[in-house]
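Ready to hunt for charged pairs? Have a look at the structure below, then work through the exercises at your own pace.

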Amino acid sequence: MVELAAVARGAGAEQLVAVATEALRRADDGVPFLEELRRAAALDRVKLLAGDEEAALAIAAAQRALGPGEPLVLLDVGGGSTELAWLERGRVRSLSLPLGAVRLSEACVSRHPLPRSELAELRSRARGEIARQAAAAADVLRPGAAVVAVGGTATTLAALDQRLEPYDPARVEGYRVARERLTDWVERIAALDLDARAALPGLEPGRADVIVAGLVILDEALLALGARELRSSGRGVRYGVALGLLAGQNPV
C-alpha cells in the first residue's frame with residue numbers, strides 16, 4: 001500500500017482516500033489497522049464504512065451508469081459475503097448474506113470437476129439463504145428494476161461470455177447476461193477441471209477454484225428476485241467514493 005500511495009502521488013493525485021468494508025468490520029482490530037495504514041501510507045483520509053454507507057456508495061455508482069431514476073437492485077458477490085442493496089422511497093436499504101464465492105466453495109466443494117452432488121449442495125445452500133432474506137427486494141423488480149451485479153464474479157461472467165482476451169473493462173461495463181445463459185455457464189464450468197477452466201478466455205486463472213460457487217450465488221439471487229437478466233459492472237464502492245468527492249459531498 002505504501003508503494004501504491006507513492007505511485008499515486010507521483011501521478012499527481014491530490015487526495016488519497018481509503019475505505020474498508022466487511023472484512024475489517026468483522027475484525028477485532030479493524031479501526032486500529034486502518035489508522036496504522038493511514039500513517040504508513042500517508043493517506044489523507046480513511047474510514048471503516050458501515051453496511052448502509054457501503055450500500056449507498058455502491059448504489060450511487062450504479063445509478064450513475066444506468067441513469068437517474070432508473071430502479072435497480074445492486075448485487076455484490078464477494079469472497080465471504082454477498083450484499084444486496086436497493087432504494088425504497090428514496091432511502092437505501094441493504095442486506096448482507098453470509099454467502100461468498102470462497103466461503104461457499106470451502107463449505108461444499110472437495111474436488112474439480114464438481115460431482116453433481118456438490119453442485120446440488122452449492123445450489124441448496126445458496127437458495128436457502130437467499131430465499132430467507134431477499135424477499136424484501138423482490139417487490140422492487142416488479143416495475144422493471146435492473147439487477148446490477150458488481151464485483152469479480154460478475155465481471156468475470158461478462159468476460160467469459162464475450163471471450164475477452166485480454167480483459168476489456170469498457171466491454172464488461174453494463175454487459176447483459178440472461179439468467180438462462182448464466183445457468184449454462186454454471187453447468188459448463190462445474191464439469192471442467194481447474195486447468196481447463198483456467199484456459200477459458202475471459203477467466204482469470206486465480207478464480208478457477210471459486211468461480212462456480214460465485215456464479216451459483218448470482219444465479220440463485222436472480223431466481224429469488226424474479227429477474228431475467230443481470231448487468232455487470234466493475235464500478236462499485238470506490239466509484240461511489242470518487243463521485244462523492246468530486247461532487248464535494250465528503251463521503252469519507
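Here come some exercises on salt bridges in this predicted model.

**Exercise 1.** Find out which parts the pair Arg25 and Glu54 ties together.

*Solution.* Start with the contact: the side chains of Arg25 and Glu54 form a salt bridge, at 2.8 Å from N to O. Next, place the two partners. Arg25 belongs to helix α2 (residues 22–26) and Glu54 to helix α4 (residues 51–66), so the pair joins parts that sit 29 residues apart in sequence.

**Exercise 2.** Decide for Arg25 and for Glu54: buried or partly exposed?

*Solution.* Buried means under 20% relative accessible area, and partly exposed runs from there up to 50%. Arg25 comes out at 26%, so call this residue partly exposed. Glu54 has 10%, so this one is buried.

**Exercise 3.** Work out where Glu229 and Arg176 lie, and what their pairing does.

*Solution.* First, the contact: the two side chains, Glu229 and Arg176, meet in a salt bridge of 2.7 Å, N to O. Then the places: Glu229 is in strand β8 (residues 229–233) and Arg176 in strand β7 (residues 176–178), so parts 53 residues apart in sequence get tied together. Last, the accessibility: Glu229 is partly exposed at 29%, and Arg176 is partly exposed too, at 46%.

**Exercise 4.** How many salt bridges does the structure hold, and which residues are linked in a network of them?

*Solution.* The count is 18. The network links Arg123, Arg127, Arg179, Asp219 and Glu220.

Note on methods. Residues are numbered from 1 along each chain as its sequence is written. This is a predicted model: local features need pLDDT of at least 70, side-chain atom pairs count only at pLDDT 80 or more; totals for chains, interfaces and linings use all residues. Side-chain values use heavy atoms; hydrogens and water are left out. A salt bridge is a side-chain nitrogen of Lys or Arg within 4 Å of a carboxyl oxygen of Asp or Glu. Helices (H or I, at least four residues) and strands (E, at least two) are DSSP runs, numbered from the N terminus. Buried means under 20% relative accessible area, exposed over 50%, partly exposed in between (1.4 Å probe, protein chains only).
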